[in-house]
Amino acid sequence: MKQNMKHLCVFISHLLVLFSLCTMITFVEGRKFHTNCKKHHKGYGDSCTSTTNYDIMSFGAKANGVSDDSKKFVAAWKAACKVRGAVVLIPSGHKFMIKPVTLQGPCMGHLTLQIDGTLLAPSKIGSWSKSNLYQWINFKWANNLTIQGSGTVDGQGCNWWNPIKSKHISDIKPTAMRFYASEDVTVRDITIKDSPQVHLKFDNSRGIIVNNINIVAPGNSPNTDGIHLQNTRDVEIMHSSVGTGDDCVSIQTGCSNVHIHHITCGPGHGISLGGLGKDKSVACVSDIVVENSNIQNTLYGARIKTWQGGIGLVKNVTFSNIQVENVNFPIVINQYYCDKSLCQNQTGSVAIKGVMFDRIIGTYSTQPIHLACSNDIPCTDIDLSDIQLKPSGPLGGSQLQHDLCWNSYGNTKGPLVPSSINYCLKKGRDRSVNQITSSSNELC
């Protein structure tokens, strides 16, 4: 009996030693803390209790802003990816130089990337591999992911904006943060700045929430879109500030059910759908709402742009309750979009149907409204209501142009300033227009 008890005690002591070793290993990879479960907005999932914190410093990151911490970042991600509810921590007060990385899922779920410090892209163009110029931080198949924190994602893109410095590599420039084939993603509270090109891109994704973020780059930085959506649906972008050298928000083909509200946009090129239908491609965009926002000191305000020769359909789009200040062109539909000095004229265009501009109020510096619809496929069901736009400079200034309205059908409703907007839209539609719109609808 005593011999059995002795063996049992030895066995228990071995178990205790093994348990202690496991605890120590877990502690090296992450410290434990708890957060409350919260339901995601609009039912895109729930963020459940986080149990383990994977601090990048625990994986050997130097955190001096010079040494390459890329592998440490990926190692922390891979470890956290295996644990449901884990948190990857980028701690405050530190700078981490990260070369191009792919953070790949699918993970166990409800993963959080807590950015409280600063992530730095390589500042020298020569530090980038020519085979990896499309994106800097690439999230692939990342589901149930939250990115949050008080920190900064700094693309250090100024050298890329200089054509003399960047031409020896490629015309391609990296996107700062890109999500591919991801679902139920929230990005909130962080700052993204000075990307070489696009700052935040969602591609082939759904269930996206962007809340209370700050995106900033100089107004003369080329092609630095703030938020870029492509083949992505079920999106809400809210309570954020975006000021760059291109579109504050760019909505491309394959996007639907997008709600943008309480955005401050400027400098930049406004909030845009397109360009759509480039190289005679099919483009489909539907159910877009942009409302309760401010656009200031931008080239464009609320804009839809399509290339000649494309096919497809843009439908059910609303721009509502938007305050504009010193915007060159506050209201734009342009079916002759061209990003060069000269583009070849082509027949056909992406059809545009069911677009409302409502309560667009403020000042313009060049032209209050520009509706240039295709000769072959006019814009239909366009509503202009409560448009009040006054020149930001002196009346009769040399830069001011009269409103342009070409081949667009719909209705107007006052008050309308300038009063000429009341005569902007044609009434009714002929049978051929209905046939074209039906054909485009079938494509989408």
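**View 1. Aromatic pairs, and what counts as one.** Rings of Phe, Tyr and Trp (for Trp, the six-membered ring) pair up if their centres lie within 6.5 Å. By this rule, the count here comes to eight aromatic pairs. Keep in mind that you're looking at a predicted model.

**View 2. Trp128 meets Trp160 edge-to-face.** Here's one of those pairs: the ring centres of Trp128 and Trp160 are 5.6 Å apart, with 90° between the planes. Both partners come from loops, and the pair links distant parts of the chain, 32 residues apart. Trp128 is in the loop between β10 (118-120) and β11 (135-140), while Trp160 is in the loop between β13 (152-154) and α3 (163-166). Trp128 and Trp160 are both buried.

**View 3. Phe319 and Phe357 form a stacked pair.** This time there's just 5° between the planes, and the centres are 5.4 Å apart. Phe319 belongs to strand β27 (residues 311-327) and Phe357 to strand β29 (residues 351-364), so the pair ties together parts that are 38 residues apart in sequence. Are these two buried or exposed? Both Phe319 and Phe357 are buried.

**View 4. Four rings make one aromatic cluster.** The members to look for are Trp77, Phe139, Phe179 and Phe202.

**View 5. Lys140 puts its charge over Trp141.** The charged end of Lys140 sits 4.5 Å from the centre of the Trp141 ring.

**View 6. Arg303 does likewise over Tyr300.** Here the charged end belongs to Arg303, and it sits over the Tyr300 ring at 3.9 Å from the ring's centre.

Definitions and conventions. Residues are numbered from 1 along each chain as its sequence is written. This is a predicted model: local features need pLDDT of at least 70, side-chain atom pairs count only at pLDDT 80 or more; totals for chains, interfaces and linings use all residues. Side-chain values use heavy atoms; hydrogens and water are left out. Rings of Phe, Tyr and Trp (its six-membered ring) pair if their centres lie within 6.5 Å; planes under 30 degrees apart count as stacked, over 60 as edge-to-face and the rest as tilted. Helices (H or I, at least four residues) and strands (E, at least two) are DSSP runs, numbered from the N terminus. Buried means under 20% relative accessible area, exposed over 50%, partly exposed in between (1.4 Å probe, protein chains only). A charge sits over a ring if NZ of Lys or CZ of Arg is within 6 Å of the ring centre and within 35 degrees of the ring normal.
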